[in-house]
Amino acid sequence: MKIIEIRPRVVAVPVKYPVVSCVRKSKKVIFVILDILTDEEMTGISYVQAFHYHGARAIKACINYLEQFLIGQDPRHIDVLWKKMWDATKLLGHQGLPTFAISLIDIALWDIAAKAANLPLYQFLGGERQAIEAYQSDGLWLESQELVCKQAEEFANQGFRTLKMRLGRANVDDDISLLKEIQYVLDDKMELLCDVNQGWDTEISNYMDRYLQLYGIRWIEEPIDVENLKGYGDLAKSMVTPLTFGENLYHINSFLAFLDMDNLKTLTPDLQRIGGITGWMKLNVLFDLYNKFSSIHLFPEIAVHLFPLIKKKRKLEWVTWATPLFKEPLAIENGYVQMPQGKGLCLEWDERAISDMQE
Ligand SMILES: [Mg+2]
């Protein structure tokens with residue numbers, strides 16, 4: 001089998017709950033979606049976020065550059081191709097868009113390899129079918145107290161037992177008052193996770209810790225700037241609320257510095273920043289060795305295939321951002337994702353919807 005064409009496209013998908021966090025505001029999510037075509041009529045697909053059109057154009061430029069290492073090659077030789085792409089981007093740097101492009105390609109290659117083996121990806125990777133509980137991450141952004149509480153009620157009624165809420169408002173008292181108000185919406189059995197998207201400093205984080213404890217917050221995610229390694233080290237000693245981190249780290253090496261931090265309980269790598277499924281599999285071994293819990297940042301359609309391989313797993317992050325791209329999107333019922341049936345990623349583009357959203 002040989003790769004004959006690599007086809008990236010850019011789509012802008014409107015989201016049901018506009019994203020409003022400390023790092024981002026968007027009503028549409030911009031994706032670069034990819035098809036890798038082979039001479040055996042087997043196609044691999046994947047997607048990554050581009051954040052904006054300039055990002056999308058740059059990712060497409062990286063894909064065009066990487067094509068020369070892929071056309072004519074057997075797509076099942078993933079490790080060989082991954083290393084070629086990695087080496088070929090050394091001088092561009094592995095922190096950023098070149099890694100988005102490698103990850104995008106890598107995921108599509110795994111899709112092809114599993115399809116060629118006639119298996120769903122999770123089974124191809126050695127995982128078994130299982131119930132995977134998700135946490136709801138689609139809403140609860142930096143919106144009004146009223147809207148956040150209304151969404152929390154809606155998600156609770158959908159059967160989710162764990163919700164993620166964003167914090168980091170300009171006035172911390174607004175965050176504190178919301179932490180209190182939302183308790184009236186959730187029943188005792190529900191869990192709340194909080195994500196600050198790097199919006200605090202160490203001082204505010206330590207101040208907020210007492211409120212996070214008071215309201216039983218299960219994890220506090222990215223409280224401070226991701227580049228503040230010393231700050232995370234300090235918070236891992238001073239904060240009681242368990243820390244969660246990882247979505248903005250690139251490749252494996254960056255995680256090493258954080259694995260010894262005891263209160264950094266859960267790591268949440270992002271597939272487009274760690275070199276796709278190939279990169280994630282290396283990290284998964286590392287998390288196991290260091291006895292860390294993990295989840296996967298976004299990409300529920302792909303994460304569902306990887307979760308069966310995680311030994312100490314947290315819940316899967318549920319978002320519907322990519323849902324409109326697929327003919328039969330990943331389904332969820334009562335807070336549990338339904339393991340897909342089929343081959344590879346078990347996904348097929350909804351070409352009609354894509355043509356409406358394509359840029
Ligand atoms: Mg986050």
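Before I start, one definition: when I say two residues meet, or are in contact, I mean that their C-beta atoms, placed from the backbone, lie within 7 Å. Thanks for coming, everyone, and please keep in mind throughout that this is a predicted model.

I'd like to use that definition straight away, on helices H2 and H3. On the H2 side, the residues in contact are Ile-78, Leu-81, Trp-82, Met-85 and Trp-86. Facing them from H3 are Ile-102, Ile-105, Asp-106, Leu-109, Trp-110 and Ala-113. Sorted by class, that contact has ten nonpolar residues, no polar ones and one charged.

How do the axes of H2 and H3 cross? H2 covers residues 78-88 and H3 covers 97-116, and their axes come within 11 Å, crossing at roughly 170°. Angles over 145 degrees count as roughly antiparallel, so H2 is roughly antiparallel to H3.

Let me step back to the whole chain for a moment. Its secondary structure adds up to twelve helices and 13 strands. The C-alpha trace spans about 60 × 40 × 40 Å along its principal axes. A compact globule with 359 residues would have a radius of gyration near 21 Å, and the chain has 20 Å, so the two agree.

Now to the sheet near the start of the numbering. Here three strands, in the order S1-S2-S3, make an open sheet with antiparallel pairing. S1, residues 3-21, and S3, residues 43-49, are the edge strands, each pairing on one side only. On average, neighbouring strands in this sheet are turned by 20° against each other, ignoring direction.

Looking at one pairing in detail, S2, residues 24-38, is joined to S3 by seven bridges. If you'd like a pair to find on the screen, take Ile-33, whose bridge partner in S3 is Tyr-47.

Which helices pack on this sheet? Helix H1, residues 53-66, does, touching S1, S2 and S3, with its direction at about 20° to that of S2. Our friend H3 packs on the sheet as well, where H3 touches S2 and S3 and its direction makes about 150° with that of S3.

My last stop is further along the chain, at some parallel pairing. Strands S8, residues 243-245, and S9, residues 264-267, pair in the parallel sense over three bridges. There, Leu-243 stands opposite Leu-264 in S9. S9 also pairs in the parallel sense with S10, residues 293-294, over two bridges, and Thr-266 has Phe-293 in S10 as its bridge partner.

How does the chain get from S9 to S10? The path goes through helix H10, residues 276-289, and this β-α-β crossover is right-handed.

That's my tour, and I'm happy to take questions.

Methods:
Residues numbered from 1 in each chain as written. Predicted model: local features only at pLDDT ≥ 70, side-chain atom pairs only at ≥ 80, totals over all residues. Pairing = 2+ DSSP bridges. Helix = DSSP H or I, 4+ residues; strand = E, 2+ residues; numbered from the N terminus. Right-handed = clockwise from strand over helix to strand, strands pointing away. Axes fitted to C-alpha atoms, helices over the stretch in contact; angles between N-to-C directions. Parallel < 35°, antiparallel > 145°, perpendicular 65-115°, else oblique. Nonpolar A, V, L, I, M, F, W, Y, C, P; charged D, E, K, R; others polar. Rg over C-alpha atoms; globule rule 2.2 N^0.38 Å.
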